[in-house]
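Reader: I would like a close look at one part of this protein, namely the sheet that begins the chain and the helix packed on it, followed outward to whatever surrounds them. Please take it step by step, since I have the structure open beside me.

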Amino acid sequence: MSNTVIQVTGLSKRFGRNIVLQDIHLIVPSGCVFALVGENGAGKSTLLRCLMGYHRPETGSIRVLDYEPQKKPLELRRQVAYVSDSPRFYDWMRVNEVGWYAAGFYPQGFADHFRDRAIEFDLNPNQRVRDLSKGMRSKLALALALAARPKLLILDEPTSGLDPLVRRAFLESMADLAATGCTILIASHQLHELERVVDYVAFISHQQISIGEELDRLKQEVQRLEISLRDSLLALPGEIDQLDILWSQMSGRCLTCLVKGLTAECQDQLANHENVLDVQVGRPSLEELYIAFTCPQPSGL
């Protein structure tokens, strides 16, 4: 198998007249934590279900673990664990019965792995599913997915309903899991949480993916520029025009930009401008990058 776990080319999907995904291109390398970031309704869940073969796209091609999901669904699902944003169970079952039932579909050892994960997530083995909170149901779904020891783990809003400490511990465990060779694809809009653990990121907005890149490389290519002005009513420094500005925002006398192509010479010129008090350059956050690549550039510069 190649080093590419997922390859999507030219994928489009509609429901009736409603276009949900349009000309999607996506490559997910093996052994990484890959975040698919977008607002609710951006098409994240639909794309994940296409990857699993649950939806048939109108156009384009999909390969997951070298399988075409529509042609080899059983072979694919033996190696992929998928947790939807609204997992469903038989409410009358107890937690341990859910694990016992699922074990019948997997090789020997699943039950032991499930029991270990259930203990890790503080799941009461004798509690019935109908009595579990939303967060505990999420933990149950995650325990089942991880017990399968998949080559690819696909998670749709996996931390929804979890308390902050559990969310943090879970996401950190995803990085540990990727170190063992498993690939994790997480669809989420919780940008602050993802930033600590993801290796690659793709932004999805308006039915399309605007960028797919290694996060560290993206943060090296894009810089966060803060310029403190003496007077916000005076003209901005002309050196601003030299920059490739992805996004900008003026707050009081402070201009914040995400830019490409900022050189040391340009930075010095800005700092020496008569209307500039201070210039600060840093790395952008994941949230700032998402806004820059998915929202229209404000006018006014």
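Author: What follows goes from the sheet to the helix, then to a lysine in that helix, and on to the cores and aromatic pairs. The model is a predicted one, and the description should be read with that in mind.

The sheet is open and consists of 3 strands in the order E2-E1-E4, with antiparallel pairing. Strand E2 (18-29) and strand E4 (59-64) stand at its edges with a single partner strand each, so one side of each has no neighbour in the sheet. From one strand to the next, the twist averages 20 degrees. Strand E1, which covers residues 4-15, pairs with E2 in the antiparallel sense over 8 bridges, and the bridge partner of Arg14 is Ile19 in E2. Helix H1 (residues 44-52) packs on this sheet and touches E1, E2 and E4, while its direction makes about 120 degrees with that of E1.

Within helix H1 one finds Lys44, and it is here that a closer look is useful. Is this residue, Lys44, buried or exposed? Lys44 has 5% relative accessibility, and because buried means under 20%, it counts as buried. Its side chain reaches the backbone oxygen of Gly38 at 2.9 Å, and a polar atom of the Lys44 side chain also lies 3.0 Å from the backbone oxygen of Glu39. Leaving aside neighbours within four places in sequence, the contacts of Lys44 include Leu36, Val37, Glu157, Ser188 and Ile204.

Val37 is also one of the residues in contact with Phe203, which leads to the nonpolar interior. The largest nonpolar core has 56 residues, and Leu153, Ile184 and Phe203 are those with the most contacts inside it. Helix H5 (residues 134-147) gives the most to this core, with 9 residues. Apart from it lies another core, of 31 residues, among them Phe34, Val64, Leu76 and Leu185.

Phe34 brings in the aromatic pairs, of which the structure holds 8. The ring centres of Phe34 and Tyr200 are 6.1 Å apart and their planes stand at 5 degrees, so this pair is stacked. It links distant parts of the chain, since Phe34 is in strand E3 (residues 33-37) and Tyr200 in strand E8 (residues 200-205), 166 residues apart. Phe34 is buried, with a relative accessible area of 1%, whereas Tyr200 is partly exposed, with 24%.

How values were computed
Residues are numbered from 1 along each chain as its sequence is written. This is a predicted model: local features need pLDDT of at least 70, side-chain atom pairs count only at pLDDT 80 or more; totals for chains, interfaces and linings use all residues. Side-chain values use heavy atoms; hydrogens and water are left out. Two strands pair if DSSP finds at least two bridges between them. Helices (H or I, at least four residues) and strands (E, at least two) are DSSP runs, numbered from the N terminus. Axes are lines fitted to C-alpha atoms, for helices over the stretch in contact, and angles run from 0 to 180 degrees between N-to-C directions. Contact means heavy atoms within 4.5 Å. Buried means under 20% relative accessible area, exposed over 50%, partly exposed in between (1.4 Å probe, protein chains only). A polar contact is a pair of N or O atoms within 3.5 Å; within protein, one must be able to donate a hydrogen and the other to accept it, and residues adjacent in sequence count only if both atoms are side-chain atoms. A nonpolar core is a set of buried Ala, Val, Leu, Ile, Met, Phe, Trp, Tyr and Cys residues joined through side-chain atoms within 4.5 Å. Rings of Phe, Tyr and Trp (its six-membered ring) pair if their centres lie within 6.5 Å; planes under 30 degrees apart count as stacked, over 60 as edge-to-face and the rest as tilted.
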